[in-house]
Each structure stands twice: as C-alpha cells, then as structure tokens.
Amino acid sequence: MKEPLVSIALQAYTRIFAPGDELVADFQIDAVEPGEVEAVEASVLWYTEGKGDEDLGVHFFKRFDGNRDDGHRDDGQADDVPLHELRSIRTTLPHCPLSYDGRIVKIRWCVRVRAFLNRGRFVVADQWFQLGSVASPSQSVAESRKRGSERNDAGHAAANGAGGERGGKARVPGTRPDGNARPDGNARPDDGERASTLAAY
Amino acid sequence: MHRDAGPTPNDPPPGNPFATRYVRPGAIPFFFAAGESAADLVARLAANGWRGEIVGPHGSGKSTLLATLLPEIERAGRAVATYRLREGERRLDEQSQRVDRLALGTAVVVDGYEQLPWWRKWLLRWACAQRSLGLLVTTHAAAGLPALYETSVDMPTVDRVVGHLLEGEPEGAAIVTREDVARAMEAHPTNLREALFALYDLYERRRQGGL
C-alpha cells in the first residue's frame, strides 16, 4: 500500500527569514488516489522545544476542503484544482518570537501541512525555517571566548616580548590538551571521560 | 581563520532527543514487559466493568501507559472522556464536558486522580456508577478501584526507552552513553521523567560545548 507523501517547498534561496519578510510555501500531496484527500490544512507556526511545558502559536492558518475550498492559486485564478495538487500559501512573517536555540528552551518556526484522508487517516509534514538571527548561547560563548582569547594572546605577546615563545604554553579554553583547537572552538570539561567511554546506544 | 562548522542553512536545527516533545505521553510508547500488551489490559479493564486504576510513583510511566491504552479503549467501542489534573488541581476541568452529561457507556479517564479530595472522588465514582460510565484513573497509591497495572522503573525498561529516543540519532548516541543513563537513574531511581530531563541537560551541555 502506498504511503501518502506531503511535500513542502519554500520559495526562497534560504531558510533564514527576517521579520516582515514574505514567506511563500508550495505544497502538494503525492501517492494518493483521486478523492482520497478530504481536506488539507496549512499553517505557519512556532513552537517551543525544551524540557518543560511546551508552547505553540499559529501565525497563519488556512484550510482547504472539498466542500468549501477558499484556496487560491498564485496566478489568481479560481481554485478548482484537486486537493492533492500543488498549492501555495503566502504570509508576512511577524516580528516575534524569533527563532532561538537556547539550552533550556528553543523556539522553532515551521510550515506545517496536514492532509486529512478518508477513513479518518491523516498525514502531516513540517518544513523548518528560521526567523531572525538570534545567536545561540554556544555561539555567544564561543564569540566571547574568541574575544577573550585574542585579548590573552595580545597580553602574552606583550609580556613575552615580540617573539612570545618563552615560558609554558597557556591552555586556552576551546583547545585540547595537545593544544589543538577543537573544531567548534569550545572547551568540553569532560573530553577525557567521553573519549574513553563506549557509546552503548 | 576557522569558522564554527554549524549547520548549513538548509539543515534543520539540531534537536534534543530528551525534549518534552519526544518524551511526553503519546510521543513515546509504553514499553510492556514480555507477555503483556495494551490489548490484554483493555480486555482486563472490560472484564472489570471498565473500572480500573494504574498505580505508580511520579514519572514511572502512568500517563504514558494511559496514552497507549486510550486508542485501544476506543477501538473496543468505548467513547473516552479524559481529564488531566496537574499538581494542585483539586477538581475536574468540566468546562468542555461535564461528567453528568456524558453519553452512557463513556469511559471516564482521570490522570492524576490522587489530586482530588476524597469527597470529589466519591462524587465522581457515584456519578459514573449512576450513568454506567467506565472509570479508569492513574494514581500514586491504591484508590479502591480494581488494580489494572502497577508501573515501576527498571534499568532494562530505561534502556529500551533511551534506545527508542536515540534511534536514528547517531550524534545523540555518541553524546549520551549508557553510563550517563545509569548515573541519571541512580539520581532518580523511581522517576524516569526526571532522569530523562537530567539527560536533556547533559545533552545540551555537551552539544553546546560544556557551558
């Protein structure tokens, strides 16, 4: 038996949008029989992800159904297309909440399409995008470490003279014990433990 | 200069497999011991006149078991009216559906039955009996209904839960090891929910570079 497939594509070269940008998303449902789709709901929403209570807000919502289909095509013509065929939604993105990749809470934005099929079945798909460019805590710390490291380097250079090679090597946060920088530039206090631990999962 | 090798703009942002959206009841299945199944429990519930209680401590999987049983109860032909009581709530939220207006034969499901004062419990049981409604509850201690299941947490079950959460997440499996899980369970021996939240924190610390 075929599994219905929901495809969503953003009409943009990037998944990063600024507040006030217009977002246009195309979607269609494949691998369904004619008449199998009874309704389609498309929404643009944000939700929180973390370890506590969850929150969700719907910025845009549109339902297309067989009896009262108020959808439209991009060319502005009347909508008499079957529910599973290509459709678009268009909305201007709000100013908040901005996407955020925090440690305790994350804010995600997505285009969500839910297709209601006959016999009470439904399929749902999300297309992620980012609203705004708020730095995550790890990025902020990496930046501040980088700035601190640059200041330290300048200080060591001043203390050691122009050559700066005398004395022991200072362990800079974000480096391995051998002095090589981690790829992400961040220190992990338990590096040694992790290296020796077998990943059982 | 080396740039942080973050996700490309087309990749979804990395998630945390221990976040609420993946571990909440309904998002994760209840892992039965060998020889048990949701269908067996629903058959037992039906044999008890659709009355029963699921007993266990905080975070031991009562709500997850409930979420696994509800579709089976509906498949067995019973409408379900679910009430969830949070910490400190002392009455059913009946704004959407009052118990005394439910259709005959509906199964009333109360998650967090222990929150109700004794006289509300008595009223609820009386109303259910009057209208031939089923009554299935979760509670921390036996509440006088037929015992349906007793939830508890053991390491083999925890292994299955964590294995399920990390399925298809090779990065996650490298970040959180079985030793980490064992340590989290030592800290929260009867509360899997808290242990998973501890793993959430550990995962974030390691993923984001040990802030």
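**Exercise 1. The sheet of chain B**

In this predicted model, strand S1 (residues 51-55) of chain B is joined to S5(B) by 3 bridges, and the two strands run parallel. Starting from this pair, work out which order the strands of the open sheet follow and which strands stand at its edges.

*Solution.* Begin with the register of the pair: B:Glu53 has B:Ala147 in S5(B) as its bridge partner. Next, place the pair in the whole sheet, which is open, has 5 strands with parallel pairing, and follows the order S2-S3-S4-S1-S5 in chain B. Strand S2 (80-84) and strand S5 (147-150) of chain B each have a single partner strand and therefore stand at the edges, with one side of each left without a neighbour in the sheet. Finally, the average turn between neighbouring strands of this sheet, direction ignored, is 15°.

**Exercise 2. Helices across the sheet**

Determine which strands helix H2 and helix H3 of chain B lie across, and at what angles these helices run.

*Solution.* Take helix H2 (residues 38-47) of chain B to begin with: it lies across S1, strand S4 (134-139) and S5 of chain B, and its direction makes an angle of about 150° with S5(B). Helix H3 (residues 62-75) of chain B lies across S1, S2, strand S3 (107-111), S4 and S5 of chain B, and runs at about 165° to S4(B).

**Exercise 3. The buried face of a helix**

Identify which residues of helix H7 in chain B are buried, explain why they can be said to line one face, and state what covers them.

*Solution.* Helix H7 spans residues 178-187 of chain B, and within it B:Asp180, B:Val181, B:Ala184 and B:Met185 are buried. Viewed down the axis of H7(B), these buried residues fall within an arc of 135°, so they line one face of the helix. The elements that cover the buried residues of H7(B) include helix H5 (155-165), helix H6 (170-175) and helix H8 (192-207) of chain B.

**Exercise 4. An aromatic cluster in chain A**

Over all chains there are 8 aromatic pairs; classify the pair of A:Phe17 and A:Phe129 and that of A:Trp109 and A:Phe129, and say which parts of the chain they tie together.

*Solution.* The ring centres of A:Phe17 and A:Phe129 are 5.6 Å apart and their planes stand at 85°; since an angle over 60 degrees counts as edge-to-face, the pair is so classified. A:Phe17 belongs to strand S2 (residues 16-17) of chain A and A:Phe129 to strand S9 (residues 122-131) of chain A, so this pair ties together parts that are 112 residues apart in sequence. Both A:Phe17 and A:Phe129 are buried.

For A:Trp109 and A:Phe129, the centres are 5.9 Å apart and the planes at 40°, so the pair is tilted. Because A:Trp109 lies in strand S8 (residues 105-117) of chain A and A:Phe129 in strand S9 of chain A, parts 20 residues apart in sequence are tied together. A:Trp109 has a relative accessible area of 1% and is buried, while A:Phe129 counts as buried at 0% relative accessibility. Combining the steps, A:Phe17, A:Trp109 and A:Phe129 form one aromatic cluster.

**Exercise 5. Strand pairing in chain A**

Describe how S3(A) pairs with strand S1 and with strand S6 of chain A, naming a residue pair for each.

*Solution.* Strand S1 (residues 5-10) and strand S3 (residues 22-30) of chain A pair in the antiparallel sense over 6 bridges, and here A:Ile8 stands opposite A:Phe27 in S3(A). S3(A) is also joined by 6 bridges to strand S6 (residues 87-92) of chain A, again running antiparallel, with A:Ala25 opposite A:Ile89 in S6(A).

Definitions and conventions
Residues numbered from 1 in each chain as written. Chains lettered and ligands numbered in written order. Predicted model: local features only at pLDDT ≥ 70, side-chain atom pairs only at ≥ 80, totals over all residues. Heavy atoms only, no water. Buried < 20%, exposed > 50% of the residue type's maximum accessible area, 1.4 Å probe, protein only. Helix = DSSP H or I, 4+ residues; strand = E, 2+ residues; numbered from the N terminus. Arc of directions from axis to C-beta. Contact = heavy atoms within 4.5 Å. Phe/Tyr/Trp six-rings, centres within 6.5 Å; stacked < 30°, edge-to-face > 60°. Pairing = 2+ DSSP bridges. Axes fitted to C-alpha atoms, helices over the stretch in contact; angles between N-to-C directions.
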